[in-house]
Amino acid sequence: MSKNLNQKKKIAIIGTVGVPANYGGFETLAEHLIEDLGQKHDITVYCSGKKYSKSERVSSYKGARLKYLPFDANGIQSIPYDTLSIIGALFFADVLLILGVAGAWILPFVRIFTNKKIIISIDGIEWKRDKWNLLAKWYLFWAEGMAVKYSHIDISDNEAIQDYTAARYGSLSRIIEYGADHTLKVSVTEEVTEQYPFLKEQYAFKVCRIEPENLVHVILEAFTKTSRLPLVIVGNWDKSDYGKSLKTKYSQHSNIHILDPIYNQEKLDVLRGNATLYVHGHSAGGTNPSLVEAMYLGLPILANGVSYNKVTTEKQGLVLY
């Protein structure tokens, strides 16, 4: 067998905040790809220098090389972040796995002038998210079209997204759904109940990024109107004015337990796995990993009635319109 066939393929993962995962679904995906494919392939992950302090930055993680850029991976800075990541990857990578469409404007040039393989996940219908202004929505809508047209393979994590890209672009997107076998049912210990006394009773649970399209404000307000089941909600409250205002407004309610982000998988499994009900308010995106994880644990689910959630739950959850 020739040397070329034995050589590991070089893959650049572009568009995530980075690893170790401490943000969301794309970051968790990147971490699992490293763990599951790192022995077969040479993986490099681009990371946001804004999210990892200098003391936290390492040159490698679980065998993958890490490269840091001085930009945020989200918001307006995601455009130069993804663009420079793509340009940097052209010097060494065989495959560009691009998560999100922010840097898609450059893909026609990559496709025409290089032989790099481009695989992209459009990350739901990003331009519909409420957090974007009109100009940002226009750019994301245009970039979505560039991503689908100039990638070799576009990935959907949900059949509803596949239907959308097929109808709009005539593209046969490949569906790769999120798994959840890393999630465990963990028993409650006395030590954990000392930290979280609500574990002794029944409660509803939600974990998400604190953003308007996840309808956090609607869920919190709904639970102020009932005393039958307290709500435990975990998220990045201090990252935005939206989150800070909600934390201030609702933290005084006795039946609402507002918790800061938890990146310890075992601790998160304890809180989620022992809930009576999982509440899922996401109104945008595709398949949300947090929903899949709750399903894997067999939790009763109350979900927002958008098409993505219907597809993910196979209409087996209680879906509100």
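**Group meeting: a walk through the predicted model**

Let me begin with one packing detail. Helix α6, residues 159-169, lies across β7 (153-156) and β8, and runs at about 135° to β7. What we have on screen is a predicted model, and I shall describe the sheet to which those two strands belong before turning to the rest of the chain.

The sheet is open and has 8 strands, ordered β3-β4-β2-β1-β5-β6-β7-β8, with mixed pairing. Its edge strands are β3, residues 60-61, and β8, residues 174-175, each of which pairs on one side only. A second helix to consider here is α2, residues 25-37. Helix α2 lies across β1 (9-14), β2 (41-48), β3, β4, β5 (95-99) and β6 (117-121), and its direction makes an angle of about 155° with β2.

Let us stay at the β3 edge for a moment. Strands β3 and β4, the latter covering residues 64-69, run antiparallel and are joined by 2 bridges. Tyr61 has Ala64 of β4 as its bridge partner. The loop between β3 and β4 contains Lys62. What is the phi of Lys62? Phi of Lys62 is near 50°, a positive value in a residue other than glycine. As background, most residues other than glycine have a negative phi, and most peptide bonds are trans. Lys62 has a relative accessible area of 45%, so it counts as partly exposed.

Leu215 also has a positive phi, of about 55°, although it is not a glycine. Leu215 sits in the loop between β9 and α8. With a relative accessible area of 22%, Leu215 is partly exposed, because buried would require a value under 20%.

A further backbone feature is found in the loop between β1 and α2, where Pro20 lies. The peptide bond from Val19 to Pro20 is cis, with omega near 0°.

I turn now to helix α8, residues 216-223. Which residues of α8 are buried? They are Val216, Ile219, Leu220 and Phe223. These residues lie on the same side of α8, because they cover an arc of only 95° around the axis. The elements covering the buried residues of α8 include β9 (204-207), β10 (231-234), α9 (241-250), β11 (256-259) and β12 (277-280).

An acidic residue also deserves attention: Asp82, in helix α3, residues 78-89. Is Asp82 buried or exposed? Its relative accessibility is 2%, so Asp82 counts as buried. Leaving aside residues up to four places away in sequence, Asp82 touches Ile14, Gly15, Ala102 and Gly103.

Finally, the overall picture. The protein has 12 helices and 14 strands. The C-alpha trace spans about 65 × 40 × 35 Å along its principal axes. For 321 residues, a compact globule would have a radius of gyration near 20 Å, and the protein agrees with this, at 20 Å. Of the 321 residues, 50% are buried. Among contacts with a separation of 6 or more, 60% come from residues 24 or more positions apart. The accessible surface comes to about 16,100 Å², and carbon and sulfur atoms account for 54% of this surface.

Notes:
Residues numbered from 1 in each chain as written. Predicted model: local features only at pLDDT ≥ 70, side-chain atom pairs only at ≥ 80, totals over all residues. Heavy atoms only, no water. Buried < 20%, exposed > 50% of the residue type's maximum accessible area, 1.4 Å probe, protein only. Helix = DSSP H or I, 4+ residues; strand = E, 2+ residues; numbered from the N terminus. Arc of directions from axis to C-beta. Contact = heavy atoms within 4.5 Å. Pairing = 2+ DSSP bridges. Axes fitted to C-alpha atoms, helices over the stretch in contact; angles between N-to-C directions. Rg over C-alpha atoms; globule rule 2.2 N^0.38 Å. Areas by Shrake-Rupley, 256 points an atom, 1.4 Å probe, with all protein chains shown as cover.
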